[in-house]
Amino acid sequence: MIELRGITQIYPGPQGPVEALRGIDLHVTPGEVFGIIGRSGAGKSSLVRVINLLNRPTKGQVVVAGRDMTQLDDAALRAARREIGMVFQHFNLLSSRTVFENAALPLELAGMSGAAIRQRVGPLLELVGLAHLADRYPAQISGGQKQRVGIARALASNPKVLLSDEATSALDPETTRSILDLLRQVNRELGVTVVLITHQMQVIKQIADRVAVIDAGRIVEMGPVVEIFTRPRQDITKSLIDEIVPQELPASVLARVRALAARLAPGDSGQLMRLSYAGEQAYEPILSHLIRELGLDLSILHGQIDEIQEQTFGSLAVYASGSMARIGAAIDYLRTQGVVVNTVEVN
Ligand SMILES: Nc1ncnc2c1ncn2[C@@H]1O[C@H](COP(=O)(O)OP(=O)(O)OP(=O)(O)O)[C@@H](O)[C@H]1O
Ligand SMILES: [Mg+2]
């Protein structure tokens, strides 16, 4: 649906050129929710604005729904943009227009008749849950409601793609959840491909199928969300995930490990491990196998079990004690079961 090849974006700046994007290759497939995450200044907005050519890339190719966007003349580009809706962090509503008139704006600009506009916008306002507020002005509605207007406006011309640049960053957590649910519904029910930019892993976790991590203008890691959560490779990815799954164990856990280590039976070893796991199987049978079949002692010290994309996702800190050979066998067994095992040394 969206193909970016070798995208470079260089802005002129007072201290010389700023290279905001440095060779981005990206393929977004039809019907997916694709998340792009990165710290402030990483190049997220630059990247998303390249997709509808709000920014013309310095180098590279942008293909959306089979059209090479950089090759279109102005009229063809305007037509192509109607297939790409966009929502913004600060909603960008016109304060002198009602909810209805804001949502209708793209249709008016496209020269649609009043009757046709009413036919289109009515159901749209139903979809986003604002039919009862159609005559209010932006100053008379909440932030979440403003974003719903933004989404209705973005959907007015029936786009194939919806771009979202930090659409929930100005909203509280509960409103964020409801707006993300609405974007998910738009994706599932209307089949709209969604590309969303965020600096919050929580947003990625709730809605995205795949995620790309962008840092200093480059994609440094990319994959299915569950995969990235269980096997983050880059430090930047780990620090972004930390918000949801703390990557460092609390001092109290380490203190308990030291206490357990001090009480080991003669000849036994102890090993602290962090286990990450995603999928249909449950943890418990795997852990009880370690206890029963391998005769290990296990203490579960810390962790959480959560859900990402309807898959169970868990992260546990476990202290295993027993013979060195049995601990080694346990780690091998866990890995054959698809559990990611990281051993942690405690001094
Ligand atoms: N119009 C511009 N002119 C010059 N430099 C720019 C321009 N727009 C962005 N930049 C620079 O390009 C880099 C990437 O900016 P961009 O806005 O894409 O980052 P971002 O990831 O969206 O950040 P944020 O999370 O703060 O919105 C930054 O160093 C920024 O200062
Ligand atoms: Mg930005």
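Here a student and a tutor talk through a predicted model and the terms that describe it.

Tutor: Residues are numbered from 1 along each chain as its sequence is written, while chains are lettered from A and ligands numbered from 1 in the order in which they are written. The model is predicted, with pLDDT of at least 70 needed for local features and 80 or more for side-chain atom pairs, whereas totals for chains, interfaces and linings use all residues; side-chain values use heavy atoms and leave out hydrogens and water.

Student: How many helices and strands are there in the chain, and what makes a stretch count as one or the other?

Tutor: The chain has twelve helices and 14 strands. Each is a DSSP run numbered from the N terminus: H or I over at least four residues for a helix, E over at least two for a strand. Strand E5, at residues 67-68, therefore qualifies under the rule of at least two residues.

Student: Why are E1 and E4 called paired?

Tutor: Pairing requires that DSSP finds at least two bridges between two strands. Five bridges join strand E1 (residues 2-11) to strand E4 (residues 59-64), so the requirement is met. One of the partnerships sets isoleucine 2 against valine 64 in E4. The two strands run antiparallel, and they belong to an open sheet of four strands in the order E2-E1-E4-E5.

Student: Which strands are the edges of that sheet?

Tutor: Strands E2 (18-28) and E5 (67-68), each of which pairs on one side only. Helix H1 (residues 44-51) lies across E1, E2 and E4, at about 125° to E1. That angle is taken between N-to-C directions on a scale from 0 to 180 degrees, using lines fitted to C-alpha atoms, for helices over the stretch in contact.

Student: What makes E12 and E14 edge strands in the other sheet?

Tutor: That open sheet is antiparallel, with the order E12-E13-E11-E14. Strands E12 (297-308) and E14 (340-344) have a single partner strand each, so one side of each is left without a neighbour in the sheet. Within the sheet, E11 (residues 269-279) and E13 (residues 311-322) are joined by eleven bridges, and serine 269 stands opposite glycine 322. Two helices pack on this sheet: H10 (residues 251-262) touches E11, E12 and E13, while H12 (residues 324-336) touches E11, E13 and E14, making about 10° with the direction of E11.

Student: What is found in the hairpin of E9 and E10?

Tutor: E9 (residues 210-215) and E10 (residues 218-224) pair in the antiparallel sense over six bridges, with aspartate 215 opposite arginine 218. Two residues lie between the strands, and alanine 216 takes a positive phi near 45°.

Student: Is threonine 237 buried or exposed, and how do you know?

Tutor: Buried means under 20% relative accessible area, exposed over 50%, and partly exposed in between, with a 1.4 Å probe and protein chains only. Threonine 237 has 0%, so it is buried. This residue lies in helix H9 (residues 235-241) and touches Val213, Glu221, Ile228 and Pro232, not counting residues up to four places away in sequence. A touch here is a contact, meaning heavy atoms within 4.5 Å. Across the chain, buried residues make up 47% of the 347 residues.

Student: What makes a group of residues a nonpolar core?

Tutor: The members must be buried Ala, Val, Leu, Ile, Met, Phe, Trp, Tyr or Cys residues, joined through side-chain atoms within 4.5 Å. The largest such core has 53 residues, and Leu125, Ile151, Met201 and Phe229 have the most contacts inside it. Apart from it lies another core, of 29 residues, including Leu4 and Val62.

Student: What separates a cavity from a pocket?

Tutor: On a 1 Å grid over the protein atoms alone, a cavity is a set of points where a 1.4 Å probe fits but cannot get out; a pocket is an open set with protein on both sides within 12 Å along at least five of seven lines, and lining residues have an atom within 4 Å of a point. Grid points are joined across faces, edges and corners, and a volume is the space filled by probe spheres set on the points. The largest pocket holds about 630 Å³ and has 18 lining residues, with Arg81, Ile84, Pro106, Leu109 and Ser157 nearest its centre. E6 gives the most to that lining, with four residues.

Student: How many cavities of 30 Å³ or more does the search find?

Tutor: One. The largest cavity holds about 50 Å³, and E8 gives the most to its lining, with three residues.
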